[in-house]
Amino acid sequence: MRLSTFFMPILKETPAEAQIVSHRLMLRAGMIKQASAGIYSWLPLGFKVLRKIEQIIHEEQARAGHIAMLMPTIQSAELWRESGRYDDYGEEMLRIRDRHDRDILFTPTAEELITDIFRAHVGSYKDLPLTLYQIQWKFRDEIRPRFGVMRGREFLMKDGYNFDLTKEDALHAYNRHLVSYLRTYERMGLQAIPMRADSGPIGGDDTHEFLVLAETGESEVFYDSEITDLKFGDREIDFDDHAACQAVLEEFTSRYARTDETHDEALFNQVPEARRRTARGIEVGQIFYFGTKYSDAMGATVTDDAGTKVPVHMGSHGIGVSRLLGAIIEASHDDKGIIWPEGVTPFHCGIVNLKQGDGEADAACEALYASLKALGLDPLYDDRKERAGAKFATMDLIGLPWRITVGPRGLKNGVVELTSRRTGESEDLPPEEAVKRIAAIYAGAV
C-alpha cells in the first residue's frame, strides 16, 4: 500500500474525550471513528489489525480441533425465556420488538442459540465431543461506555461452546481452551494471565479470566509474581491428550492469581511476601464450565451407550477481539505512538522516501516495495511529498515494527537504513539485505 492513496485520517490533536492511551492513539492514528456512544467505525488501519487478530484466533481454534460457524446478531427472546435468562440478564441486554410485536434481542452472548442448534441436530453420544465457535459482533448496553474500544457497547467477540458427554470430558475441553488461549495471546505479543474469576450472568462454578497487566485495567488483580515468568513458548501439545492439557492448566493456575471479585486475603497471605503483587488488569478473554445449566433447561440431550437420554455437559469460551486491539496498545506503546508486535501489525514494515521526486531514491523505494510484495509481505510505502520529520512522526505514531529509510546520501554508499520501532536501533544495509532481514523476521508468519 502507498500512503498517498491509503485512507488514514491522522489527527494532530488528541480529542478531549480520549482518557486512556489506546483510545488516544487509535483516534490519532486514524484507526477508529466514534459513531455514537460506545460504537465505532473501524477505519482501514484499525480494520487491518482487527483482521490479523481474527486470523490468529481462527488458526489456534483450528489447531485445537474447534469448528468455526456464524450465528445471527438478532435472537428470539423465546430461547432466553427457556433458559431463564431473559429477565435475569439485566439492562445490558438490548431488547427489541419487531413489526409483528415479537420480542427479540441484540445478542450479548449465544449460549441459548447454540444449544438450540445442538438439540436440533445432535442426538447420539457418538457425535461428541463437539466444539463450535464464531467471531461475531455483540451488543451490551453499558451504562457508561468509555475508554474507546476497551468498554464499548458494540464489540467483536470470539465465542465458543463445547458439548461433551461427561463432566470429565467437558473439563478437558476447558483445559484445551486454556492451552489454545495461551498460544493465541503469546502470538499477539501479549502475556495474558489466567486468573480465577466470577462467572457473572453466564453461570457455572469453574471459570478463569485472562488478564493483561496494565495501569488502565478495569479490574484490580492479586497475584504471585512467579506467574509472570511463565511462557508457553513454541512447545507442541496434543490437544486430545487429557494429561498434557491438565498439566498446562496446573502449571499456569497453581500459583495465586485472582481478580478482586474472587480475591481471598487468607490464601493470598500464604504467598511469600516478596512475591505478592497487586495491580490493574485488562480482561481479554474468559473460559467457563457450567455443566448442564443450559442443556437441562432447554432439553439438549444425547443417547448414551446404554440407550439412556442424558443432558450434555457444556462450557463457553470467549475472547474480546476488538478489546484485544486496545489491550495490545496499552501494553505496547511509548510517547511517540503505538509499537505493534510483529504478529498483529497492520503492515509488516514501512518504507520512507526521504526525497520524493529524486529519481534514484524513487527507483530504490519502488524496488524495495516490489521485492517485499513478491515475498508475500505487506509494506506501507510513504511516497508523500512531505518533509522527513513528518514522515518519521507518522511511522512512529502508527507503530509498524520495522522501517526502511531511503535517501540519496545512503544510496551513494549502497545502503538503506533498517530501524526497529521497539528499540530504536538502526543498521545500514544494502537494499537486498534489508529485504532478506525483514523476510527472515516474518518467516513462517505470513
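Hi everyone. Let me start with a term: a residue counts as buried when its relative accessible area is under 20%. By that cut-off Arg85, at 4%, is buried. One reminder before I go on: this is a predicted model.

My topic today is salt bridges, and the structure holds 30 of them. I'll walk you through a few.

Arg85 pairs with Glu111, and their side chains meet at 3.0 Å, N to O. Glu111 sits in helix α4, residues 111-121, while Arg85 is in the loop between α3 (77-83) and β5 (94-97), so this salt bridge ties together parts that are 26 residues apart in sequence. Glu111 is buried too, with a relative accessible area of 1%.

Now, what does Glu251 form with Arg235? Another salt bridge, with the closest N and O atoms 2.9 Å apart. Here the link runs from helix α6, residues 242-253, which holds Glu251, to the loop between β11 (219-224) and α6, which holds Arg235; the two residues are 16 apart. Are these two buried or exposed? They fall in between: Glu251 is partly exposed at 26%, and Arg235 is partly exposed at 29%.

Next up, Asp396 and Arg421, whose side chains meet in a salt bridge at 3.8 Å, N to O. Asp396 belongs to helix α11 (residues 388-398), and Arg421 to the loop between β22 (416-420) and β23 (426-429), 25 residues away. Both Asp396 and Arg421 are buried.

Let me finish with a group. Glu59, Glu60, Arg63, Arg183 and Arg187 are joined into one network by salt bridges that share partners. Thanks for listening!

Notes:
Residues numbered from 1 in each chain as written. Predicted model: local features only at pLDDT ≥ 70, side-chain atom pairs only at ≥ 80, totals over all residues. Heavy atoms only, no water. Salt bridge = Lys/Arg side-chain N within 4 Å of Asp/Glu carboxyl O. Helix = DSSP H or I, 4+ residues; strand = E, 2+ residues; numbered from the N terminus. Buried < 20%, exposed > 50% of the residue type's maximum accessible area, 1.4 Å probe, protein only.
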